[in-house]
Amino acid sequence: MTRMRAAIIGTGDVARLHAEAIAARNDAEVVVAVDVDAARAATFAAKYGISFSSTSLPDLDVDVVHLCTPPAGHAVQAEEAFARGAHVVVEKPPALTLRDVDRMVAAADAAGRQLAVVFQQRTGTAAAHVKRLLDSGDLGRPLLARCDTFWFRDDAYFAAPWRGTWANEGGGTTLGHGIHQLDLLAYLLGEVDEVHGQAWRLARDIETEDVSTAVLRFESGVVATAMTSAVSPRQESSIRIDTNLATIELEHLYGHGHGNWRITPRPGTDAPANWAFPASETPSGHDAYIDAVYPALAADGPLPSVATAPARSMEIVAALYASSERGSAVSLREVRESAELRGPMSARVRDERSR
Ligand SMILES: NC(=O)c1ccc[n+]([C@@H]2O[C@H](COP(=O)([O-])OP(=O)(O)OC[C@H]3O[C@@H](n4cnc5c(N)ncnc54)[C@H](O)[C@@H]3O)[C@@H](O)[C@H]2O)c1
């Protein structure tokens with residue numbers, strides 16, 4: 001068996017999850033760790049038994065390049081990786097702008113390689129089960145939903161040079177944090193039609209928003225609310241979907257297993273046997289993501305659904321920001337067609353801190 005050879009670029013916080021997920025596979029290995037901080041790359045390489053570390057991607061044969069760098073670097077780094085004939089696994093958000101995501105997709109297509117964006121909330125046996133039941137209609141017709149990300153990030157977190165500004169991070173807590181649940185909601189319910197949203201600055205000393213609120217209408221007619229916060233002491237990520245037959249709820253923080261989900265039949269009815277979660281359980285996370293994506297990369301086959309639609313949730317965020325700027329709803333169609341909305345994002349952020 002040929003082992004897939006991977007490079008990890010950016011050896012900060014999230015890189016660990018990539019190294020551990022690859023180390024757990026017997027068909028892949030990380031052959032080089034790259035970071036602009038040479039000492040950090042070397043320490044990371046030593047910790048994970050990676051034979052080579054460097055401050056730039058060396059002239060080595062690699063099959064997959066993992067981008068665990070701040071989002072400002074993703075587009076250029078992905079293009080370099082595709083030019084070398086490698087697949088790219090890139091952390092969310094895939095880039096600072098949708099235009100850059102389009103460039104990355106075009107570069108992948110031109111090279112005949114895959115661009116896999118890490119939205120690991122889609123993974124795991126629970127999300128797969130719920131998606132199967134929703135897609136088949138067994139859970140009824142979705143009517144309304146709620147999608148909340150209540151996280152806590154202090155000032156020290158936003159002090160990192162790439163955080164808290166439109167230019168360096170591309171957006172605030174909606175793009176950085178809320179995008180995970182928004183991505184999962186759209187994975188479960190399909191395309192969003194329009195977003196009416198507002199961006200708020202309630203507590204943090206940043207240029208971007210630390211809270212956002214939105215109403216989403218899906219193409220299917222489902223209506224949803226979405227709140228994202230970086231200032232909530234008791235942290236929770238949650239989704240609730242009400243169909244004509246059931247309420248589906250997910251409550252977790254950064255990852256979910258079967259115990260984080262609940263399906264309640266409508267009053268006066270019993271849950272059919274096929275609503276029960278399967279006996280064997282894989283939690284969501286980077287391990288599950290890599291396990292789903294690597295076989296497809298090795299086979300040069302299409303990506304599994306947990307890794308498709310690289311721009312979908314970022315388009316929802318772009319619509320929310322544009323809506324906050326204008327004070328009216330913005331359609332996803334406009335986001336797909338407008339050069340301006342595919343460019344750098346910004347929003348009118350209502351600053352309530354001085355009240
Ligand atoms: N999927 C998730 O749950 C999750 C969780 C955390 C972070 N992330 C994403 O992962 C990415 C990185 O976040 P992080 O928290 O690990 O950041 P971090 O600041 O901890 O690490 C980033 C690393 O990249 C290095 N770096 C910066 N520019 C570079 C360049 N041009 N070449 C090589 N190395 C470079 C930095 O020195 C640093 O070590 C972001 O896109 C973030 O949104 C995703």
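Domain bounds here come from an automatic or database domain assignment. With that in mind, let's walk through this predicted model, where local features need pLDDT of at least 70, side-chain atom pairs count only at pLDDT 80 or more, and totals for chains, interfaces and linings use all residues. Residues are numbered from 1 along each chain as its sequence is written, and side-chain values use heavy atoms, with hydrogens and water left out.

The chain is divided into domain 1 (4-118) and domain 2 (122-283 + 312-351). Taken over C-alpha atoms, their centres are 26 Å apart. Where the two meet, 13 residues from domain 1 and 19 residues from domain 2 take part in the contact, which counts heavy atoms within 4.5 Å.

Now find the ligand. Around it are 23 residues, each with a heavy atom within 4 Å of it; Val14, Asp35, Arg40, Glu91 and Gln120 are the closest. Both domain 1 (4-118) and domain 2 (122-283 + 312-351) supply at least three residues to this shell. By type, the shell holds eight nonpolar, nine polar and six charged residues, where Ala, Val, Leu, Ile, Met, Phe, Trp, Tyr, Cys and Pro count as nonpolar, Asp, Glu, Lys and Arg as charged, and the others, Gly among them, as polar.

Look next at the polar contacts, pairs of N or O atoms within 3.5 Å. A polar side-chain atom of Gln120 lies 2.8 Å from an oxygen atom of the ligand. The backbone joins in too: an N or O atom of Lys92 is 2.9 Å from a ligand oxygen, and one of Asp13 is 3.0 Å from a ligand oxygen. Taken alone, the ligand exposes 850 Å², and the protein buries 79% of that (Shrake-Rupley method, 1.4 Å probe).

Definitions and conventions:
Polar contact = N/O pair within 3.5 Å; in protein donor to acceptor, adjacent residues only side chain to side chain.
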